[in-house]
Amino acid sequence: MQPWSQLFDLKGQVAIVTGGAMGIGAGIAARLAEQGASVVVADVDEAAGRATAQALPGPGKSLFVRTDLRAPAEVDRLVATAVRERGRLDIVVNNAGIFPFSPALSVTPELWDRVLEVNLRGPFFLARSAALQMQRQGGGGAIVNIASIDAVHPTGSLVAYDASKGGLRMMTRSLALEFASLGVRVNAIAPGSINTPGASRAMPATGGADAQKLLAGFLARIPLRRMGEPDDIARAALFLASPAASYVTGTMLVVDGGYLLT
Ligand SMILES: NC(=O)c1ccc[n+]([C@@H]2O[C@H](COP(=O)([O-])OP(=O)(O)OC[C@H]3O[C@@H](n4cnc5c(N)ncnc54)[C@H](O)[C@@H]3O)[C@@H](O)[C@H]2O)c1
């Protein structure tokens, strides 16, 4: 039996975390680094991304690579840079995502394309590029896709987002089936409401008492009676990325304080 201490050990492994500059991605980067991985933080926000990478446990082990997931060439360059700088690639966390609210009747082709490019097309081409590298290394690896409870339950005024996350869930299952022969596991996480800079920005700007009322009504729908924190998702991501989950592939782990139960 593998000792407990080795089940979450990522020493010697190299992980890419997209959208790792802040929010859930920064939380995941911190947990993976804490367990010994070299983390490559990939983000469009250069200042925040560099600062996050520099502050990770294990000084000098992690690095930042500016990457816009909407550009497939940048995604390929990200994998090439990780391999050139850190020697290999073992873990990819497809976390970056955008969630612009808009009633379906107001959605433009530009908004639709932007959401699908960041949330679904980018993650596919990163998973593909990573799996090709993992194959060159002789196989083995883990891909974790950050979906959402919106993959199975619409929030409202998020049709492009919901389609992208439903697609990401199915992509996870498709790739898990195809990449199993490479020893590459592919899983997803469905977060509920998590306190992040992106979630704060998305809150309707009602201000004052109205915002308090809105938040209280929302919290009342979460059985565990609190918003999630990035580390709630990071713990799940660490599990799925680590040897502890060596027989888990194609699943979506819901981490939502019980929201989907109501
Ligand atoms: N916060 C929530 O309540 C919640 C709930 C369910 C799912 N999620 C999912 O979790 C993930 C992270 O969400 P968050 O709340 O931490 O978001 P956030 O907005 O706080 O952080 C997202 C990060 O992604 C980066 N990013 C955006 N577009 C990018 C691009 N084109 N290329 C590279 N990086 C890009 C941003 O710069 C930012 O650093 C998203 O996929 C989101 O859909 C969040």
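**View 1. R225 sits in the loop between α8 (208-220) and α9 (230-241).** As in every view here, what you see is a predicted model. R225 is not a glycine, yet its phi is positive, at about 60°. Is R225 buried or exposed? R225 counts as exposed, because it has 10 C-beta neighbours inside 10 Å, and the cut-off for that class is 12 or fewer.

**View 2. S157 is a second residue to look at for its backbone, in the loop between β5 (141-146) and α6.** Phi of S157 is near 60°, a positive value in a residue other than glycine. S157 has 15 C-beta neighbours inside 10 Å, so it counts as partly exposed.

**View 3. Helix α2 packs against helix α9 at an angle of about 50°.** The two axes are 8 Å apart. With that angle, α2 and α9 are therefore oblique to each other. The crossing in which α2 passes α9 is right-handed. On the α2 side, the residues that meet α9 are G23, I24, A26, G27, I28, A30, R31 and L32. Facing them from α9 are P230, D231, I233, A234, R235, A237, L238 and A241. Sorted by class, the contact of α2 with α9 holds eleven nonpolar, two polar and three charged residues.

**View 4. The ligand is surrounded by 29 residues.** Which residues are closest to the ligand? They are G19, G23, G97, T196 and G198. Helix α2 (23-34) supplies at least two residues of this shell, and α7 (197-202) likewise supplies at least two. G23 may look familiar from the previous view, where this α2 residue took part in the contact with α9. By class, the shell around the ligand has 14 nonpolar, eleven polar and four charged residues.

**View 5. F99 lies in the loop between β4 (91-94) and α5.** With 20 other C-beta atoms within 10 Å, F99 is buried, because the class begins at 20 or more. Setting aside residues up to four places away in sequence, F99 touches L158, Y161, G198 and A202. One of these, G198, is also among the residues closest to the ligand. F99 and N119 are 20 residues apart in sequence, and their C-alpha atoms are 9.0 Å apart in space.

**View 6. Helices α5 (residues 109-136) and α6 (residues 159-179) cross at roughly 15°.** Their axes come within 9 Å. How do the two helices run relative to each other, roughly parallel or oblique? The small crossing angle of roughly 15° falls under 35 degrees, and α5 and α6 are therefore roughly parallel to each other. Their crossing is right-handed. From α5, the contact includes L111, W112, V115, L116, N119, L120, P123, F124, A127 and A131. From α6, the partners are A160, Y161, S164, K165, G167, L168, M171, L175 and F179. This contact has 15 nonpolar, three polar and one charged residues. Y161, one of the α6 residues here, is also touched by F99.

**View 7. Helix α4 (residues 72-86) also packs on α5, at an angle of about 35°.** The axes of α4 and α5 are 9 Å apart, and their crossing is right-handed. P72, V75, D76, V79 and V83 of α4 make the contact with G122, F125, L126, S129, A130 and Q133 of α5. The residues of this contact divide into seven nonpolar, three polar and one charged.

**View 8. M134 is a buried residue of helix α5.** Around M134 there are 24 other C-beta atoms within 10 Å, which means that M134 is buried. Leaving out neighbours within four places in sequence, M134 is in contact with L89, G139, G140, G141, L182 and V184. M134 and G183 are 49 residues apart in sequence, while 8.9 Å separates them in space, C-alpha to C-alpha.

**View 9. L177 in helix α6 offers an exposed residue to set beside M134.** L177 has 12 other C-beta atoms within 10 Å and is therefore exposed. In sequence, L177 and G250 are 73 residues apart, and in space they are 7.2 Å apart, C-alpha to C-alpha.

Key: Residues are numbered from 1 along each chain as its sequence is written. This is a predicted model: local features need pLDDT of at least 70, side-chain atom pairs count only at pLDDT 80 or more; totals for chains, interfaces and linings use all residues. Axes are lines fitted to C-alpha atoms, for helices over the stretch in contact, and angles run from 0 to 180 degrees between N-to-C directions. Helices (H or I, at least four residues) and strands (E, at least two) are DSSP runs, numbered from the N terminus. Angles under 35 degrees count as roughly parallel, over 145 as roughly antiparallel, 65 to 115 as roughly perpendicular and the rest as oblique. A crossing is left-handed if the near helix is turned anticlockwise from the far one by less than a right angle, and right-handed if clockwise. Two residues are in contact if their C-beta atoms, placed from the backbone, lie within 7 Å. Ala, Val, Leu, Ile, Met, Phe, Trp, Tyr, Cys and Pro count as nonpolar, Asp, Glu, Lys and Arg as charged, and the others, Gly among them, as polar. A residue is near a molecule or strand if its C-beta atom, placed from the backbone, lies within 6 Å of it.
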